Amino acid sequence: MDIKETYAELWQKDSNEINSNGLYDWMSEQIKEYETILEIGCGSGISTLNLLERGHDVISIEFNEHCINMTKRLLTENGYKDIKIINGQISENNCVDLIKKIKYKIDLVICWNPGGANSLSKDEMFNKIEEFYYLGYEKPELGFFSNYSEDLIKSACKIGKELNIDTHIIDRDENKEGKISDYIDIKEYGFNEIIFNQIEGMSNKNTMGEYKKIYYKSFLLLR
């Protein structure tokens with residue numbers, strides 16, 4: 001099993017636990033007024049399915065072919081045929097060029113659960129380090145992963161700025177007081193208002209074998 005397949009399976013376990021706790025329902029409830037959504041990373045497809053079932057049109061960007069295959073299989077099994085997934089690795093440096101491939105009018109861009117380093121178990125961190133090696137980074141460390149997660153958040157915000165649309169971030173953090181300003185200056189990306197909600201949850205078990213309390217934070221960034 002290659003590292004991308006391992007990552008996909010771990011993400012599937014993570015998503016299953018998030019879903020079983022009703023957290024995807026909570027996330028979707030924050031953005032119910034938006035029609036067409038650009039999803040940064042589809043994971044195993046459970047978040048995508050949740051959005052589709054609520055009547056949204058969803059276009060996903062995902063680099064991991066195992067995640068793409070999981071998502072396509074899940075959506076097909078649930079009766080969805082028009083599946084829109086762009087295969088690509090997104091970063092703040094290439095995100096604007098990547099979205100030029102999209103021929104649909106987007107109403108909202110979302111980045112759900114990129115996860116700060118402090119919300120991961122040691123085993124999960126090991127798997128992330130392995131993932132970085134696959135992506136070509138040299139000697140990735142704990143702080144680098146935080147920067148990687150922040151890069152995904154910044155990519156979503158940059159796309160929002162480019163398309164002049166709102167952006168929704170879901171972050172997981174052990175710190176109840178954590179704010180979006182820990183990562184970005186919203187004014188830099190043209191946002192004028194934040195609608196904030198948070199809910200207490202638990203980290204996933206994956207290979208860790210135990211839970212710890214974390215906070216799921218919803219930041220809806222408005223123009």
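Contact, in what follows, means heavy atoms within 4.5 Å. With that in place, good morning, and let me turn to the structure above, which is a predicted model.

I shall start with a contact list. Leaving aside residues up to four places away in sequence, Ile 83 touches Lys 72, Leu 75 and Thr 76. Ile 83 sits in the loop between α4 and β3. At a relative accessible area of 24%, Ile 83 is partly exposed, because the buried class ends under 20%. Ile 83 also has a partner farther back along the chain: Asp 57 is 26 residues away in sequence, with a C-alpha to C-alpha distance of 9.5 Å.

Both of these residues return in a moment, but the overall plan should come before that. The chain has seven helices and seven strands. Read from the N terminus, the order is α-α-β-α-β-α-β-α-β-α-α-β-β-β. The chain holds 223 residues, and 54% of them count as buried. Its exposed surface comes to about 10700 Å², of which carbon and sulfur atoms supply 45%. As for contacts between residues at least 6 apart in sequence, 73% of them join residues at least 24 apart.

Next, the cavities. How many cavities of 30 Å³ or more does the count give? The count comes to three. I shall discuss the second largest, which holds about 60 Å³ of space. Its lining consists of Thr 48, Leu 52, Asp 57, Val 58, Ser 60, Leu 75, Asp 82, Ile 83, Lys 84 and Ile 85. The elements that contribute two or more residues to this lining are α3 (46-53), β2 (57-62) and β3 (84-87). The largest share, three residues, is that of β2. By character, the lining of the second largest cavity divides into five nonpolar, two polar and three charged residues. Ile 83 and Asp 57, the pair I mentioned earlier, are both among the lining residues.

One of the contributing elements, α3, deserves its own remarks. Why can α3 be described as largely enclosed by the rest of the structure? Seven of its eight residues are buried, so the description follows from the count. Those buried residues are Ile 46, Ser 47, Thr 48, Leu 49, Asn 50, Leu 51 and Leu 52. Two of them, Thr 48 and Leu 52, also belong to the cavity lining. The cover over the buried residues of α3 includes α1, α2 (23-29), β1, β2, α4 (65-77) and β4 (108-112). After α3 comes Gly 55, which has a positive phi near 95°.

Helix α1, part of that cover, offers a simple check on geometry. It runs over residues 3-20, and at 1.5 Å a residue its 18 residues should span 26 Å; the end C-alpha atoms are 26 Å apart, which agrees. Its buried residues are Lys 4, Tyr 7, Ala 8, Leu 10, Trp 11, Asp 14, Ser 15, Glu 17 and Ile 18. As background to such a list, an α-helix has 3.6 residues a turn, so residues three or four places apart point the same way. Lys 13 also lies in α1, but at 43% relative accessibility it counts as partly exposed. Between Lys 13 and Ser 44, 31 residues apart in sequence, the C-alpha distance is 8.9 Å. Gly 22 follows α1, with a positive phi near 75°.

Strand β1 (residues 36-40) contains Thr 36. This threonine, Thr 36, has a relative accessible area of 8% and is buried. Beyond residues up to four places away in sequence, Thr 36 touches Asp 57, Ile 59, Lys 105, Ile 106, Asp 107 and Leu 108. Asp 57 thus appears here as a contact of Thr 36 and, as before, in the cavity lining.

Finally, two loop residues from later in the chain. Asn 164 lies in the loop between α7 (142-163) and β5 (166-173). Is Asn 164 buried or exposed? At 58% relative accessibility, Asn 164 counts as exposed. Its phi is positive, about 60°, although Asn 164 is not a glycine. Most residues other than glycine have a negative phi.

Gly 178 belongs to the loop between β5 and β6 (193-202). With a relative accessible area of 5%, Gly 178 is buried. Its contacts, again not counting residues up to four places away in sequence, are Asp 173, Lys 217 and Phe 219. Tyr 215 is 37 residues from Gly 178 along the chain, and their C-alpha atoms are separated by 9.1 Å.

Thank you for your attention.

How values were computed
Residues numbered from 1 in each chain as written. Predicted model: local features only at pLDDT ≥ 70, side-chain atom pairs only at ≥ 80, totals over all residues. Heavy atoms only, no water. Helix = DSSP H or I, 4+ residues; strand = E, 2+ residues; numbered from the N terminus. Buried < 20%, exposed > 50% of the residue type's maximum accessible area, 1.4 Å probe, protein only. Areas by Shrake-Rupley, 256 points an atom, 1.4 Å probe, with all protein chains shown as cover. Expected span 1.5 Å × (residues − 1). 1 Å grid on protein atoms, 1.4 Å probe; cavity = no way out; pocket = protein on both sides within 12 Å on 5 of 7 lines; lining within 4 Å. Points joined across faces, edges and corners; volume = space filled by probe spheres on them. Nonpolar A, V, L, I, M, F, W, Y, C, P; charged D, E, K, R; others polar.
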